Amino acid sequence: MAATEPLAQDTGRDVADFAEVTADEGAAGTVPPYLGRPERHPLQRPVPLVLDPDAVELRAPVFGTADVSPLDADLTVGHRGEPLGERITVGGRVLDGRGHPVRGQLVELWQANAAGRYVHRLDRHAAPLDANFTGAGRCLTDDDGRYRFTTIRPGAYPDVTRHNAWRPSHLHFSLFGTAFTQRLVTQMYFPGDPLLPYDSIWTSVRDTTTRRRLVAAYDPGLNEPGRSLGYRWDIVLDGPDATWAEEGR
């Protein structure tokens with residue numbers, strides 16, 4: 001459950017292996033592999049845990065100064081006004097490899113705003129920030145393994161690692177297991193997005209079935225009438241149907 005961005009030595013692998021795009025997904029040619037930005041590669045040595053296994057607890061994420069609140073799962077509140085963009089509800093179940101619900105799982109979400117910009121000092125995209133949207137939330141799964149977020153659909157933004165390429169709309173998800181050393185980081189995409197077949201990260205998942213599991217489904221049952229559109233995205237932690245994770249997080 002785990003992962004860092006691919007390092008420079010990955011460049012020698014066959015580009016076609018990363019760019020398996022089937023005809024029904026609508027793109028011709030190949031997509032270059034995602035190598036990440038050099039400034040995002042690790043700069044510090046790994047923290048050794050052999051001598052003190054508990055040391056990870058001192059450096060790992062924690063819940064924070066307060067318990068997880070239901071309001072933490074609504075990214076559209078907590079500001080002076082309403083955020084700009086298309087309001088959406090994203091929900092689903094977190095399951096183990098046998099299809100059993102995973103209860104009490106900490107699920108974190110972060111994303112760009114409707115203009116495709118993150119609230120982060122390193123984001124230099126020439127798009128406006130939204131004073132009423134900070135783009136991060138969290139929740140705990142219930143007894144049925146269900147999670148639910150209210151947010152806005154993020155915008156596309158330029159892929160600075162490639163010329164004239166744009167990343168499709170996506171949400172970043174992080175899930176913690178039973179210890180802080182167990183973490184899954186992945187991305188959720190939206191159905192029908194024309195940028196998907198051209199995205200270096202999405203196409204780097206070589207198996208077509210696995211790749212499609214990263215795309216949510218429109219679910220009217222998750223709609224909030226007059227307020228938001230609903231998308232369902234289930235997350236499987238292990239087994240043959242496991243949700244793809246970014247290795248090394």
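## Burial and the E108–R183 pair

A residue is called buried when its relative accessible area is under 20%, and partly exposed when the value falls between that limit and 50%. In this predicted model, E108 has a relative accessibility of 18% and therefore counts as buried, while R183, at 23%, is partly exposed. The two residues form a salt bridge in which the closest N and O atoms are 3.7 Å apart. Because R183 belongs to strand β8 and E108 to strand β2, this pair ties together parts that lie 75 residues apart in sequence.

## The four-stranded sheet

Strands β3, β2, β7 and β8 form, in that order, an open sheet with antiparallel pairing. The edges are taken by β3 (136-140) and β8 (183-189), each of which has a single partner strand, so one side of each is left without a neighbour in the sheet. From one strand to the next, the twist averages 20°. Within the sheet, β2 (residues 106-110) and β7 (residues 170-176) are joined by four bridges, and L109 has F173 of β7 as its bridge partner.

## Strands β1 and β4

Strand β4 (residues 146-152) has five buried residues among its seven, so it is largely enclosed by the rest of the structure. Seven bridges connect it, in antiparallel fashion, to strand β1 (residues 87-95), and Y147 in β4 is the bridge partner of G92.

## Other salt bridges

The model contains 10 salt bridges. In one of them, the side chains of R138 and D72 meet at 3.1 Å, N to O, linking strand β3 with the loop between α2 (56-59) and β1 across 66 residues. Elsewhere, D74, R148, E224 and R227 are linked in a network of salt bridges.

Methods. Residues are numbered from 1 along each chain as its sequence is written. This is a predicted model: local features need pLDDT of at least 70, side-chain atom pairs count only at pLDDT 80 or more; totals for chains, interfaces and linings use all residues. Side-chain values use heavy atoms; hydrogens and water are left out. Two strands pair if DSSP finds at least two bridges between them. Helices (H or I, at least four residues) and strands (E, at least two) are DSSP runs, numbered from the N terminus. Axes are lines fitted to C-alpha atoms, for helices over the stretch in contact, and angles run from 0 to 180 degrees between N-to-C directions. Buried means under 20% relative accessible area, exposed over 50%, partly exposed in between (1.4 Å probe, protein chains only). A salt bridge is a side-chain nitrogen of Lys or Arg within 4 Å of a carboxyl oxygen of Asp or Glu.
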